[in-house]
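Here is a guided walk through one protein model and its ligand. Keep the sequence and the structure side by side as you read.

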Amino acid sequence: MECIVINGQNPLRGKISINGAKNAAVAILPVAIAAGDVCIIDNVPQIEDVACMVEAMESMGVICAEMTKHTLYIDARNMTSQTLSERLAQNLRASYYFMGAMLGRFKRAEVPLPGGCDLGARPIDYHLKGFTALGATCTTEHGTVKLHAEKLTGANIYLDCPSVGATINIMMAAVFAEGKTLIENAAKEPHVVDAASFLNKLGAKIHGAGTATIRITGVPALGGGEYTVLPDPIEAGTYMIAAAITAGDVTVENIIPKHLETVSAKLRETGCIIEEGEDWLNVKGIESLRPCEIKTAYYPGFPTDLQPQIAALLSVANGISHVTENVFEQRFRYVGELKRLGAHIKMAGRTAVITGPRLLTGAQVSATDLRAGAALVIAGLNAKGQTVITNVEHLDRGYEDLEGRLRSLGADITRCSQLPSASQ
Ligand code: EPZ
């Protein structure tokens, strides 16, 4: 059983260059399917979710080739199918993007319901409501969504909540809808803007991405082009929190500091010193952190994808903190595992009440999903003794070479092909 072994209490020090954003890359690759010509995508992170998207695209006849470690050549001009297999769709959440891309360009798509992290019910009803509003017939049979449209016609679409996936998916179909489409209460996340910027580069007419109201004027087809994926604010935030919990001194480079404003603000509240440059942030941790209140929210609020990680940090802060999850139904499955490392956390509805300071001590723990795994790594970096993390495949979905990059900052962390003898 592959696992990660950490001997904690090394302060992290040094610089780390941040990769392209997972949640932008997995939206931008399907955009290349909607394109009518070759696309070249740069700054693509080497993570499992991207590999799964490439495998899914190749299964439908898209030509994908690695030009460099982080640059993909994509040619969807001669796609042979608009039907995705259940095995490939189940690998990740972002497979739902093939619905919007193929419905838009081909007016048909057969895509099984997606997989992804278990964060409670994660329906796609807003996506399907949007496709239907654009004129598609939409049926779900045996777990596969079947979409078809004679033609797509612009519509006014209101999202009951600013869903990232629904916003991007509906946008991908609407760029081909005759006339005008209005998406209201749209998600404002940076990767929504990234997807819209790439679509516009290919010839789409999208205005207002990054605000709650997106206006789209349909075009008959898109061309090809090149695009560079934006830096990953969640990867950057994960390393910033790791620096904080080890009282380290780390600079995250090649980022957009504005995308991390709430994370920097919260780390400052705990007493960390944050210095900001044009495309970098430096985090200096302190020995005795202050508690703080976290309420996750849609962008530009505190990102839900850093909620488990900051909960790990607050487990060692001096006092009582409250972490409230407002985006997903269930994003606290990591709490039991953090408590095995010595954290003192009590649940009160959607709020984790965290009491510190606690001396975390190493133990064997299990990653229950991608960001829960990151929280356990962060706690292990602080814990006294050895922490063994199993189910590390979750981490590989969203972090490129996490151990190697943490080792470059001074962490004592390795990946083992089987449990250390002491843990067996
Ligand atoms: C995207 O998930 C990200 N995944 C998530 O990142 C991220 O946490 C989330 O956006 C919020 O920022 C990808 O981009 C691949 P939502 P998504 O639609 O699109 C409900 C990570 O760790 N909802 O914004 O699934 C939904 O249940 C992952 O990198 C509906 O009810 O998120 C949730 O409660 C985890 N019906 C809320 O809206 C719908 O049709 C927000 O979901 C769609 C969503």
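The text below moves through sheets, hairpins, a helix pair, backbone details and the ligand site. The model is predicted.

Start with a sheet in the earlier part of the chain numbering. Strands of a sheet pair through backbone hydrogen bonds, either parallel or antiparallel. Here four strands form an open sheet, in the order β9-β10-β12-β11, with mixed pairing. The edges are held by β9 (156-158) and β11 (205-207). Each has a single partner strand, so one side of each lacks a neighbour in the sheet. From one strand to the next, the twist averages 15°. Look at the β9 edge. Three bridges link β9 to β10 (residues 180-184), and the pairing is parallel. Across that pair, Y158 faces E184 of β10.

Follow the chain out of β9. D160 sits in the loop between β9 and α6 (164-174). Its C-alpha atom is 9.2 Å from that of A186, although the two residues are 26 apart along the chain. Neighbours within four places in sequence aside, D160 is in contact with Y126, K129 and N185.

Now turn to another sheet. This one is also open and has four strands, ordered β17-β18-β20-β19, again with mixed pairing. Its edge strands are β17 (293-295) and β19 (344-348). Each of these pairs with a single strand, so one side of each is left without a neighbour in the sheet. The twist averages 15° from one strand to the next. β17 runs parallel to β18 (residues 320-324), and three bridges join them. K295 stands opposite T324 of β18. A helix covers part of this sheet's strands by contact: α10 (residues 307-314) packs on the sheet and touches β17, β18 and β20 (351-355). The direction of α10 makes about 170° with that of β18.

Next come the antiparallel pairs. β7 (residues 137-141) and β8 (residues 144-148) are joined in the antiparallel sense by five bridges. E141 has T144 in β8 as its bridge partner. Two residues lie between the strands of this hairpin, and H142 takes a positive phi near 50° there.

β16 (residues 280-284) pairs antiparallel with β14 (residues 249-253) through five bridges. In that pairing, D249 is opposite K284 of β16. β16 also pairs with β15 (residues 273-276), antiparallel and over four bridges. There I274 faces V283 of β16. Three residues form the hairpin connection from β15 to β16.

What about helix against helix? Two packed helices are described by the angle between their axes and the distance between the axes. The axes of α8 (residues 233-245) and α9 (residues 261-269) come within 11 Å and cross at roughly 10°. An angle under 35 degrees counts as roughly parallel, and α8 and α9 are therefore roughly parallel to each other. On the α8 side, the contact uses M240, I241 and A244. On the α9 side, V263, S264 and L267 meet them. By type, the contact residues are five nonpolar, one polar and no charged.

The backbone deserves a closer look. Most residues other than glycine have a negative phi, and most peptide bonds are trans. Where does the model depart from trans? One cis peptide bond joins Y299 and P300, with omega about 10°. P300 is in the loop between β17 and α10. The bond from G356 to P357 is cis too, with omega near 5°. P357 belongs to the loop between β20 and β21 (364-366). As for phi, Q9 is not a glycine, yet its phi is positive, at about 80°. Q9 lies in the loop between β1 (3-7) and β2 (13-17).

End at the ligand. Which residues come nearest to the ligand? Of the 25 residues around it, these are Y96, D125, S163, D305 and V327. Oxygen atoms of the ligand also have polar partners in the protein. The side chain of S163 places an N or O atom 2.7 Å from a ligand oxygen atom. Y126 contributes through its backbone: an N or O atom there lies 2.8 Å from an oxygen atom of the ligand. For N23, a polar side-chain atom is 3.0 Å from a ligand oxygen atom. Y126 is a residue already met, as a contact of D160.

How values were computed:
Residues are numbered from 1 along each chain as its sequence is written. This is a predicted model: local features need pLDDT of at least 70, side-chain atom pairs count only at pLDDT 80 or more; totals for chains, interfaces and linings use all residues. Side-chain values use heavy atoms; hydrogens and water are left out. Two strands pair if DSSP finds at least two bridges between them. Axes are lines fitted to C-alpha atoms, for helices over the stretch in contact, and angles run from 0 to 180 degrees between N-to-C directions. Contact means heavy atoms within 4.5 Å. Angles under 35 degrees count as roughly parallel, over 145 as roughly antiparallel, 65 to 115 as roughly perpendicular and the rest as oblique. Ala, Val, Leu, Ile, Met, Phe, Trp, Tyr, Cys and Pro count as nonpolar, Asp, Glu, Lys and Arg as charged, and the others, Gly among them, as polar. A residue is near a molecule or strand if one of its heavy atoms lies within 4 Å of it. A polar contact is a pair of N or O atoms within 3.5 Å; within protein, one must be able to donate a hydrogen and the other to accept it, and residues adjacent in sequence count only if both atoms are side-chain atoms.
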